[in-house]
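User: I'd like to go through this model with you, a few questions at a time. Here it is.

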Amino acid sequence: MKNKMIFLSSALVFAFLTSCKNDAQTLASNSVQTEEYVGKEISTDHDAEIDKLIAQMTLEEKIGMLHGNSMFANAGVKRLGIPELKMADGPLGVREEISRDNWAPAGWTNDFATYYPAGGALAATWNAEMAHTFGTSLGEELRARDKDMLLSPAINMVRTPLGGRTYEYMSEDPFLNKKIAVPLIVGLQEKDVMACVKHYAANNQETNRDFVDVQIDERALREIYLPAFEASVKEAKAYSIMGAYNKFRGEYLCENDYMLNKILRDEWGFKGVVVSDWAAVHSTAKSLKNGLDIEMGTPKPFNEFFLADKLIAAVKSGEVSEKEIDLHVKRILRVLFQVKAMGGGERAKGSIATEAHYQDAYKIAAEAIVLLKNENNALPLKLDGVKSIAVIGNNATKKNALGGFGAGVKTKREVTPLDGLKNRLPSSVKINYAEGYLERYDKKNRGNLGNITANGPVTIDQLDPAKVQEAVEAAKNSDVAIVFAGSNRDYETEASDRRDLHLPFGQEELIKKVIEANPKTIVVIVAGAPFDINEVSKKSSALVWSWFNGSEGGNALADVILGKVNPSGKLPWTMPVALKDSPAHATNSFPGDKTVNYAEGILIGYRWFDTKNVAPLYPFGYGLSYTTFAFGNAKSNKDSYAQNDVIEVSVEVKNTGKTDGKEVVQLYASKSDSKIARAAQELKGFKKVAVKAGGSEKVTIKIPVKELAYYDVASKKWTVEPGKYTLNIGNSSRNLKFKIDVTIK
């Protein structure tokens, strides 16, 4: 699918990459690929063989394939050569091996894996090639552990900044979401592993996720919440989809005929398997008939699942036909043949926790880091005359691979920010480390980590005077100070949403005191979701946003701070000034009680901010560089287009600074005279481009006219409204340099 680097000696390559003084230039000069990624259809070539196998199976054997027989596998049929379908979490890398019948670690010594950057970081690269690399790299790790399915990627929309899984989800924009999800899935499945794309659908909050009934109007559903899933099916050809916990329009999503049968299978032509989220099933005959194939879960013995003994009884009583059972078994056997778990054929080889994979994680991490503020070129840090650096903050040493409630990774390598600086700074520079703030929780009120609660973990925000004093002294006695603040994966976690956007553990006050002690203070936020950083942003001269950024995160961060890497990350969501500015909160429609009504409709994220003229703190698509770029000569290949045409927009990107760098050209479409309600603008194309200092590159963005369609509820069709459209070109949703008018006939 893409050109692959040949690793003659991965250790040698790694040593070179980590020591080379010019790796920013090396990375920046790589051309950014622009190919489209298309997956491989599930084959029906083995159907005759599958039908023969099904004919030989007992009812009990068939039904054993439709439910969990261990924590992460269904039952195989050994006598017929049918293996278990072996699943693994998750979004950050291959989860450690779990016991077969409970959540306790299995205690293996060979299940260490690479910890990859979280979904938010991957989306912040705005680079489809990085997503493909993520998929192929992770696919190889799954094969090394003999897995058939990855329970990932998670591609739900970021509807609220408070979402416990915002760090794991990708974006508030459906177009960016699908352009990152598709290459990831394609890369994964190229390695003979099924992607299980989750959580289908409208699973946008952790609060009451087990039962909340989500109400979304049809147009918002189609234009905002389904496009990434649709592209995963139609373009990436995902082999599996995971049904969500919540209800949608009154019906649980693992038994929702409209979503699973009518849309997923009938409209989109999905041929793969639907797997339930763990313990998300509520019925036997109904869930099977309405599109579920495999029930997974944990709270009770496996034979007591809805699709276990209860299903055997339902067939025997005539409530469910054996023909219905055969249909679901056939789907499962098809995907097992597809990934070569059955039927011979050489299956992709695996490798895990290799230097090559750590480098994949490094490359993604380096492109994900977002430079938010850089007054007087405070960054990159110039070391002339610098003899000491204060490194302050619990986040300088905090490890996130195994944090929180949900799928972590057991890894031998997690380079923290402090480790990264130690690895990269010359020995002549002394590091004065101070913890600064303590990560503490109010255990009485915290709403136990893992409970579905609107409160989330409750933090103790009083600073420890001794820790503050130590931090202030370190800052005073150092030439430069760097504060590593933000969040962690115990605070941002599956199973609970945050209470508010405040920086926990008293960090805001600490940062203020450190800046007072040393005005040469750089602030680095490590987090997966927006926070209230208004004051921090005002007071600091340099502000960097990093993520839960994988095994090599600390090295990537140090390389950005020291200028070996020129930052090129862009925000994949809007950073609001205040929570009340975000649409779900402005409309008072989060979190709901038993029902949540998405009152903002299609105006999610920047669509709301731009349409309602609400100023964000940092806009969607925003991110600075250590160089400057100028856009020029923007034009479209024609003035007017037919419905089946592809619009081509080209623009010259000139690097007007002294450092090689990467810029993301973003194209937003708007229609001011529309007969229907629309967002002020919508992202319809983007491209990341590497430009040498003083050089220029021509960037061409292709937009099929059909991308301009809206969903017409009355006709139940995607419709392109004829007339004049304005194509806005810039490097963030609020920094648009050119407008091009085109006409659609």
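User: Let's start with K671: over the face of which residue does it lie?
Analyst: This is a predicted model, so keep that in mind throughout. K671 sits 5.2 Å from a ring centre, and a charge counts as over a ring if that distance is within 6 Å and the direction is within 35 degrees of the ring normal. The ring in question belongs to Y725.

User: And K310, which ring does it lie over?
Analyst: Here the lysine K310 is 4.4 Å from the ring centre. The face it lies over is that of F306.

User: Moving to aromatic pairs, how are the rings of F72 and W278 arranged: stacked, edge-to-face or tilted?
Analyst: The model has 22 aromatic pairs by the rule used. In the F72 and W278 pair, the centres are 5.5 Å apart and the planes make an angle of 40°. Planes under 30 degrees apart would be stacked and those over 60 edge-to-face, so 40° makes this pair tilted.

User: How many residues apart in sequence are the parts that this pair ties together?
Analyst: Both F72 and W278 are buried. F72 is in the loop between β1 and β2, while W278 is in the loop between β10 and α11. The pair therefore ties together parts whose separation in sequence is 206 residues.

User: Which residues have the most contacts inside the largest nonpolar core?
Analyst: That core has 166 residues, and helix α7 (residues 174–190) gives the most to it, with nine residues. M87 touches F72, W278 and M296, among others. The residues with the most contacts inside the core are I82, M87 and Y200.

User: How many residues are in the second, separate core?
Analyst: Its members include A434, A485, I511 and I515. The size of this second core is 44 residues.

User: On to charges. How many residues apart in sequence are the parts that R607 and D173 tie together?
Analyst: Their side chains meet in a salt bridge, 2.9 Å from N to O. R607 lies in helix α21 and D173 in the loop between β4 and α7, so the parts tied together are far along the chain from each other: 434 residues.

User: Is D173 buried or exposed?
Analyst: Buried means under 20% relative accessible area. Its partner R607 has 4% and is buried. D173 has 0%, so it counts as buried.

User: What about E218 and R249: which one is partly exposed?
Analyst: The two side chains meet in a salt bridge of 2.7 Å, N to O. E218, in helix α8, has a relative accessible area of 14% and is buried. At 34%, the partly exposed one is R249.

User: Which residues are joined into one network by salt bridges that share partners?
Analyst: One link is D146 with R143, whose closest N and O atoms are 3.8 Å apart. D146 is partly exposed at 38%, whereas R143 is buried at 12%. The network joins K86, R143, D146, D148 and R347.

User: Why do the buried residues of α15 line one face of the helix?
Analyst: The buried residues in α15 (residues 417–424) are P417, L418, G420, L421 and R424. Seen down the helix axis, they line one face because they fall within an arc of 160°.

User: Last one: what distance separates the C-alpha atoms of G592 and V214?
Analyst: G592 is in the loop between α20 and β17 and is partly exposed, at 35%. G592 and V214 are 378 residues apart along the chain. Their C-alpha atoms are separated by 9.1 Å.

Key. Residues numbered from 1 in each chain as written. Predicted model: local features only at pLDDT ≥ 70, side-chain atom pairs only at ≥ 80, totals over all residues. Heavy atoms only, no water. Buried < 20%, exposed > 50% of the residue type's maximum accessible area, 1.4 Å probe, protein only. Helix = DSSP H or I, 4+ residues; strand = E, 2+ residues; numbered from the N terminus. Arc of directions from axis to C-beta. Core = buried A, V, L, I, M, F, W, Y, C linked by side-chain atoms within 4.5 Å. Contact = heavy atoms within 4.5 Å. Salt bridge = Lys/Arg side-chain N within 4 Å of Asp/Glu carboxyl O. Phe/Tyr/Trp six-rings, centres within 6.5 Å; stacked < 30°, edge-to-face > 60°. Lists of a residue's contacts leave out its neighbours within four places in sequence.
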